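Let's walk through this one together, looking at how its helices pack and where empty space is left between them. Have the viewer ready.

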Amino acid sequence: ITSEYVLCKIIRYNNRCRLQNESVAEHTCFVSLFCLKILAKLHLDHETERKVLILAALHDAAESRTSDIPHDVKTNYPEMQRILDKVEEDYYEEVWKDYKEEVYKPGDLCYNILKLADSYSVYQYCLNEKALGNVSDVINEITQNSMIRIQHYTDAINQMIKKEN
């Protein structure tokens with residue numbers, strides 16, 4: 001069994017009031033599926049699709065070592081982000097060296113597709129929380145932020161596609 005199996009036990013939003021748990025592994029699966037949906041609409045070449053899907057599969061794999069450090073914690077403690085960056089870089093060098101370039105140098109289009117899919121995953125999680133009755137200010141804030149990011153990454157992708165044509 002690989003060390004990444006622990007990702008199915010690591011809970012996201014672990015410092016937030018929530019009604020459902022979502023593991024890092026579940027999130028990775030959803031991000032990968034959203035990437036596939038986005039790729040199907042964009043009709044990109046197979047090499048770009050390959051790079052996006054590798055990035056989607058591995059984008060949070062280092063959390064098997066670091067656990068899921070919530071976004072607000074990383075934002076409030078930038079020194080922690082620097083430490084996490086080092087741990088993650090060491091992890092990808094050690095465990096996923098053959099794919100390190102896809103993770104660290106994905107190219108703007110691949111990166112934006114991943115970030116759009118990641119934002120859709122967060123938005124879907126929030127919709128599910130709200131459907132279960134979570135009306136907390138925190139879930140509303142996360143929802144709003146994800147909607148802003150969805151628009152941002154959609155615009156960025158559209159500009160890149162337009163520039164290529």
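**Helices and the spaces between them**

Start with the second largest pocket, which is lined by Phe34, Lys37, Ile38, Lys41, Leu42, Leu116, Tyr120, Thr154, Ile157 and Asn158. Three elements give two or more residues each to that lining: helix H1 (24–42), H7 and H8. H1 gives the most, with five residues. The space in this second pocket comes to about 160 Å³, and its lining divides into six nonpolar, two polar and two charged residues. Keep in mind as you look around that this is a predicted model.

Since H1 and H7 both line that pocket, let's see how they meet. Two packed helices are described by the angle between their axes and the distance between the axes. For H1 and H7 the angle is about 125°, and the axes are 8 Å apart. Angles over 145° would count as roughly antiparallel and 65 to 115 as roughly perpendicular, so this pair is oblique. H1 passes H7 in a right-handed crossing. On the H1 side, the contact is made by His27, Phe30, Val31, Phe34, Cys35, Ile38, Leu39 and Leu42. H7 brings Ile113, Leu114, Leu116, Ala117, Asp118, Tyr120, Ser121 and Gln124 to the contact. By class, that's twelve nonpolar residues, three polar and one charged. Look at Phe34, Ile38 and Leu42 again: they are among the H1 residues touching H7, and they also help line the second largest pocket. On H7, Leu116 and Tyr120 likewise take part in the contact and in the pocket lining.

Now bring in H2. How do the axes of H1 and H2 cross? They come within 8 Å of each other, at roughly 160°. That makes H1 roughly antiparallel to H2, and the crossing is right-handed. H1 contributes Thr28, Val31, Ser32, Cys35, Leu36 and Leu39 here, and H2 answers with Glu49, Val52, Leu53, Ala56 and Ala57. Eight of these contact residues are nonpolar, two are polar and one is charged. Val31, Cys35 and Leu39 of H1 are worth a second look: they touch H2, and they also belong to the contact with H7.

The triangle closes with H2 (residues 46–58) against H7 (residues 108–132), whose axes come within 9 Å and cross at roughly 45°. These two helices are therefore oblique to each other, and here too the crossing is right-handed. Thr48, Lys51, Val52, Leu55 and Ala56 of H2 meet Leu109, Cys110, Tyr111, Ile113 and Leu114 of H7. Their classes are eight nonpolar, one polar and one charged. On H2, Val52 and Ala56 touch H7 as well as H1. On H7, Ile113 and Leu114 touch H2 as well as H1.

Next, the largest pocket, which holds about 1,200 Å³ of space. It is lined by 35 residues, and those closest to its centre are Asp60, His71, Lys74, Lys115 and Asp118. Helix H4 (71–76), H5, helix H6 (100–104), H7 and helix H8 (137–164) each give two or more residues to the lining. Which of them gives the most? That's H7, with six residues. The lining has 15 nonpolar, seven polar and 13 charged residues. Asp118 links this pocket to the packing described earlier: it is one of the residues closest to the pocket centre and also part of the H7 contact with H1.

Finally, what about enclosed space? There is one cavity of 30 Å³ or more, with a volume of about 40 Å³. Its lining is made up of Glu63, Thr66, Ser67, Asp68, Ile69, Lys74, Leu84 and Glu88. Helix H3 (63–66) and helix H5 (78–95) each supply at least two of these residues. By class, the cavity lining has two nonpolar, two polar and four charged residues. Lys74 ties this back to the largest pocket: it lines the cavity and is also among the residues closest to the centre of that pocket.

Methods: Residues numbered from 1 in each chain as written. Predicted model: local features only at pLDDT ≥ 70, side-chain atom pairs only at ≥ 80, totals over all residues. Heavy atoms only, no water. Axes fitted to C-alpha atoms, helices over the stretch in contact; angles between N-to-C directions. Helix = DSSP H or I, 4+ residues; strand = E, 2+ residues; numbered from the N terminus. Parallel < 35°, antiparallel > 145°, perpendicular 65-115°, else oblique. Left-handed = near helix turned anticlockwise from the far one by under 90°. Contact = heavy atoms within 4.5 Å. Nonpolar A, V, L, I, M, F, W, Y, C, P; charged D, E, K, R; others polar. 1 Å grid on protein atoms, 1.4 Å probe; cavity = no way out; pocket = protein on both sides within 12 Å on 5 of 7 lines; lining within 4 Å. Points joined across faces, edges and corners; volume = space filled by probe spheres on them.
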